[in-house]
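Q: Please take a close look at the charged side chains of this protein and how they pair up. Some words on the aromatic rings would be welcome too.

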Amino acid sequence: MTGRAWFIAAALTVAVPCSAQMSATGSTSPDSASTPPPIPIAIVVPQTPPDFPRGRISGLVFGDLYGNLSGDPSHVYDVNGADLGQTNIDGKKPITQGLNGVQIRRVYFQLDNDLSVRLATRFRLEADSKSLTSDGKIGVALRSAYLQAKGVLPRTDLYVGMIVTPTWENSEDFWQYRAVEKTIGDFRSIGNATDLALELKGFADPDHHVGYIAAIGDGTGQKPETDRFKKLYFALPLRVGALRIEPYADYQGVRVNLDRAQPVQPESAAINNDQTTWKIFAGYEFRRVAIGFEALDRLNRKGPAPTEEPRGYSCFARATLSSTVVLLARFDQWIPNRRASNRVDSQLWIAGVDWQPFKDVHVIPNVEATQYLAKGTAVAPAHHDLQARITLFYRFSRPQS
């Protein structure tokens with residue numbers, strides 16, 4: 001190869017890489033600068049249907065270390081030496097002084113299962129220290145088992161099965177301390193927490209300021225139905241800013257005119273009665289303080305006129321001191337029968353401190369007291385009730401599968 005050939009080959013070897021580098025860095029000729037950039041290729045990801053069915057396991061547990069500081073000082077024992085005294089303040093009987101121990105008061109095990117975008121189910125089991133098996137162990141009962149159909153009407157869902165009744169659902173949610181004590185309606189056994197029923201629950205407006213709950217059920221709670229009567233429920237939960245108001249009413253039973261009805265046995269007149277309950281709940285939540293009020297009145301009829309009228313009201317509050325500490329307090333006034341001049345009224349006092357050392361774990365030292373007030377010629381219990389407790393409450397859950 002001649003010297004000129006070697007020179008041309010060397011020049012090409014240097015020029016080609018330099019030209020490629022200039023193109024990569026944008027140093028192009030005027031002609032190449034007018035060439036439009038290539039159009040990016042859009043990557044289309046095919047949509048997949050929602051993952052159904054999908055479920056979630058959750059639940060809660062609460063119990064106490066307790067001691068009865070005041071109450072009935074007399075003790076009665078069975079043949080095996082077990083103390084038959086009243087352990088907890090329940091609004092029915094005075095507690096027995098000196099009893100103490102550790103107890104589990106409630107366990108929930110819950111399975112929520114979404115069958116589709118429109119259908120969901122819930123199954124919940126309950127165990128507590130009052131529902132015992134035949135050999136005296138803590139028993140398990142069905143608490144909820146229902147099918148939820150979403151959007152059957154605008155902003156309205158349909159529930160069918162063993163549902164949670166609206167009797168104290170919203171007031172208990174606002175109180176937030178079922179682990180310490182039931183709300184007044186539950187505490188005084190005015191209604192049932194669950195019922196085998198058909199329910200419509202929804203909102204009249206898109207901003208969810210005006211809600212409504214209407215249901216028809218057996219009225220027997222978690223027990224099988226034993227009569228032909230039904231119970232009607234209606235609630236109107238309202239929300240205006242931080243204020244919540246909920247009027248509520250229910251009716252159970254049918255008043256039968258025995259003169260026009262088919263022949264019945266004389267003892268049937270004993271169950272010829274009805275019950276009507278009226279209740280109002282109001283709650284206001286400030287930045288760190290929440291205050292609630294609940295009042296109820298029930299008319300029990302056996303015949304043409306009311307024969308009993310239990311009535312009561314409850315005031316409660318909670319104050320958030322920090323992200324882990326909350327103060328709580330409550331006062332209930334209870335009249336077992338407003339139509340009786342000779343009766344024993346009672347007052348319930350609750351105070352406590354909620355400490356949350358970990359998320360969903362609550363340690364709640366609290367005291368609960370009952371004071372009895374005799375009216376007319378009635379005789380009140382000789383001793384008031386006072387119980388001190390350390391309540392442990394925790395939730396558990398497993399994410400959607």
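With which residue does Glu225 form a salt bridge, and how far apart are the closest N and O atoms?

A: Happy to walk you through it. This is a predicted model, in which local features need pLDDT of at least 70 and side-chain atom pairs pLDDT 80 or more, while totals for chains, interfaces and linings use all residues. Numbering starts from 1 along each chain as its sequence is written, and side-chain values rest on heavy atoms, without hydrogens or water.

The partner of Glu225 is Lys230, and their closest N and O atoms are 2.9 Å apart. That meets the rule for a salt bridge (a side-chain nitrogen of Lys or Arg within 4 Å of a carboxyl oxygen of Asp or Glu). How exposed are the two ends? Glu225 has a relative accessible area of 31% and Lys230 one of 34%. Both values make the residues partly exposed, the class between buried (under 20% relative accessible area) and exposed (over 50%), with a 1.4 Å probe and protein chains only.

Right after Lys230 in your view comes another pair to look at: Lys231 meets Asp250 in a salt bridge, at 3.9 Å from N to O. Lys231 belongs to strand β8 (residues 231-235) and Asp250 to strand β10 (residues 243-253), so this contact ties together parts that are 19 residues apart in sequence. Strands here are DSSP runs (E, at least two residues), numbered from the N terminus. Both ends of this bridge are buried, Lys231 at 2% relative accessibility and Asp250 at 3%.

For a bridge between distant parts of the chain, turn to Asp64 and Arg105, whose closest N and O atoms are 2.4 Å apart. Asp64 sits in strand β1 (residues 54-70) and Arg105 in strand β2 (residues 100-114), with their positions 41 residues apart. Here, too, both residues are buried.

Besides these pairs there is a network of salt bridges that links Asp297, Glu309, Arg311, Arg338 and Arg339. The count for the structure comes to 20 salt bridges. As a general point, side chains of opposite charge can pair when their charged atoms come close.

Charged groups also meet rings. Arg124 places its charged end over the ring of Tyr108, 4.5 Å from the ring centre. The test is that NZ of Lys or CZ of Arg lies within 6 Å of the ring centre and within 35 degrees of the ring normal. Arg318 does likewise with Phe174, at 5.1 Å from the centre of the ring.

Phe174 leads us on to the aromatic side chains, as it forms one aromatic cluster with Trp175, Tyr177, Phe281 and Phe316. Across the whole structure there are 10 aromatic pairs. In one of them, the ring centres of Tyr284 and Phe286 are 4.7 Å apart and the planes meet at 65°, so the pair is edge-to-face. Rings of Phe, Tyr and Trp (its six-membered ring) pair if their centres lie within 6.5 Å; planes under 30 degrees apart are stacked, over 60 edge-to-face, the rest tilted. Tyr284, at 36% relative accessibility, is partly exposed, and so is Phe286 at 45%.

Beside Tyr284 in your sequence view you will find Gly283, a residue of strand β11 (residues 273-285). Gly283 is buried, at 1% relative accessibility. Its C-alpha lies 5.9 Å from that of Leu243, although the two residues are 40 positions apart in sequence.

Technical notes:
Helices (H or I, at least four residues) and strands (E, at least two) are DSSP runs, numbered from the N terminus.
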